[in-house]
Amino acid sequence: TELPETGRLALYLLGLQATCSPPEHLRLLVTWLKHYLNMDWIGSRHYGHPLTSYYQYSLGVLALCTQHKRMGEEVIKRLLAAEHHDRFRQASIGAVDTEAVAALAFICLEKKRMVRPRQLAELQVAIRKIQKRMLEAQDTHGFFGNIYSTPLAMQVFIATNTCHTEPAYDRAMTALLKNLDALTTAHTMAQALPALHSRSYLDVASMSCQLGWRGEKEESQDGVGFGLPINGFLATGTPSAKPTPEVLENMITVTLVVECLPWCSLQHLYNQSVSVPAGTSLLGVLMVATNQETGNFTFDTEDTFNGPFLTRVMGLKAQQNHRFYWQLLSAPKTSLEMGVAEYKPKDKETIILRLSKW
């Protein structure tokens with residue numbers, strides 16, 4: 001069964017709303033998003049988690065809230081229950097991202113008074129708990145989790161009007177400004193833009209398309225408006241078919257290992273060295289591996305709003321319904337915090353693709 005595209009459609013809706021698209025252009029998207037969110041809720045009831053993920057589920061709730069569209073009480077109750085039972089952090093990847101988007105959804109529902117009084121109190125408690133956990137997750141560099149989750153976490157402090165009084169927010173902004181070159185895809189750059197301009201996704205709910213953000217005809221002082229990606233993902237660093245002589249002088253060797261223990265009898269399904277130009281993304285390494293005569297390496301990806309997502313390796317498919325996914329590791333056990341299109345392996349590094357359960 002094809003998974004509902006809750007997260008992608010939610011970002012489309014937020015993006016179109018931010019660009020002041022006519023309401024008639026949004027109605028069909030709202031209808032489809034409600035349908036997908038309902039499918040995700042049914043999955044949550046059946047499997048104990050959404051068919052997609054709590055990240056996408058939260059994005060769906062947030063997007064509908066900014067459109068002032070009511071949703072079933074059970075939809076919100078499931079998200080509150082997930083926060084209460086710490087299910088956002090039970091997954092090994094993207095805990096801060098997921099909590100941030102869920103918090104933004106909760107803040108929107110609270111501000112719009114789109115829930116009953118009892119749920120309103122639960123929302124307020126959940127928001128405070130998530131903010132507290134974000135502060136605990138801030139590392140010595142100033143990032144909330146990592147550079148990619150930091151802009152979303154910053155949006156939570158912006159949306160709650162605590163950004164000016166929270167020192168951790170200033171540290172995060174400083175760290176983000178110093179590391180902007182790490183944001184290499186359209187999605188990661190667009191995700192950071194609102195926070196860099198002291199905005200959050202919630203601002204699209206209150207903007208006046210005729211008069212601007214503050215009810216006046218104005219633009220930001222630097223002429224930069226508020227924007228969201230409509231469809232942004234780039235596979236950076238993919239090697240060209242015929243490397244130039246300059247590139248050939250700067251080649252690196254990456255060892256690629258494929259594991260699926262304890263579900264496979266072999267310890268390694270694949271273990272080969274791959275030579276690529278320095279600066280090549282992991283996606284580029286995988287592409288080169290498929291052209292090597294030894295090992296018969298194969299893989300498939302799926303385009304998502306977060307970029308290419310590894311779905312199948314050596315014929316083995318990630319199955320979200322059964323909570324299987326391809327984990328990306330730098331040997332021996334360092335989990336990569338980037339996707340295949342963003343991470344650029346180093347010379348003599350061993351990259352492990354491991355079929356894991358979350």
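Let's start with His68, which sits in the loop between helix H3, residues 54-66, and helix H4, residues 73-84. Its phi is near 60°, so to speak on the positive side, and His68 is a residue other than glycine. Is His68 buried, exposed or something in between? With a relative accessibility of 47%, His68 counts as partly exposed, because the exposed class begins over 50% and the buried class ends under 20%.

Keep in mind that we're looking at a predicted model here. The average pLDDT for the protein is 81, and 82% of the residues score at least 70. One stretch to treat separately is residues 211-244, where the pLDDT is below 50. That stretch still has 64 contacts in the model, beyond near neighbours in sequence.

Back to loops for a second. Arg113 also isn't a glycine, and it has a positive phi of about 50°. You'll find Arg113 in the loop between helix H5, that's 95-111, and helix H6, 117-137.

Okay, on to the sheet. Which strands make it up, and in what order? It's an open sheet of 3 strands, ordered E3-E4-E5, and the pairing is antiparallel. Strand E3, 299-304, and strand E5, 316-317, are at the edges; each has a single partner strand, so each has one side with no neighbour in the sheet.

Now let's walk across it. E3 and E4 run antiparallel and are joined by 6 bridges. If you want a pair to look for there, Glu302 stands opposite Phe309 in E4. Moving on, strand E4, residues 307-313, is joined to E5 by 2 bridges, again antiparallel. On that side, look for Arg312, which stands opposite Lys317 in E5.

How does E4 get from one strand to the next? The hairpin of E4 and E5 has 2 residues between the strands, and Met314 in that hairpin takes a positive phi near 50°.

And how many of E4's residues are buried? The count is 5 of 7, so to put it in words, E4 is mostly covered. There's a helix to show you here as well: H11, residues 282-290, lies across E3 and E4 and runs at about 145° to E3.

Last stop, further along the chain. Ala331 and Pro332 are joined by a cis peptide bond, with omega about 5°. Pro332 itself is in the loop between strand E6, 324-330, and strand E7, 334-335.

Technical notes:
Residues are numbered from 1 along each chain as its sequence is written. This is a predicted model: local features need pLDDT of at least 70, side-chain atom pairs count only at pLDDT 80 or more; totals for chains, interfaces and linings use all residues. Side-chain values use heavy atoms; hydrogens and water are left out. Two strands pair if DSSP finds at least two bridges between them. Helices (H or I, at least four residues) and strands (E, at least two) are DSSP runs, numbered from the N terminus. Contact means heavy atoms within 4.5 Å. Axes are lines fitted to C-alpha atoms, for helices over the stretch in contact, and angles run from 0 to 180 degrees between N-to-C directions. pLDDT is the predictor's confidence in each residue, from 0 to 100. Buried means under 20% relative accessible area, exposed over 50%, partly exposed in between (1.4 Å probe, protein chains only).
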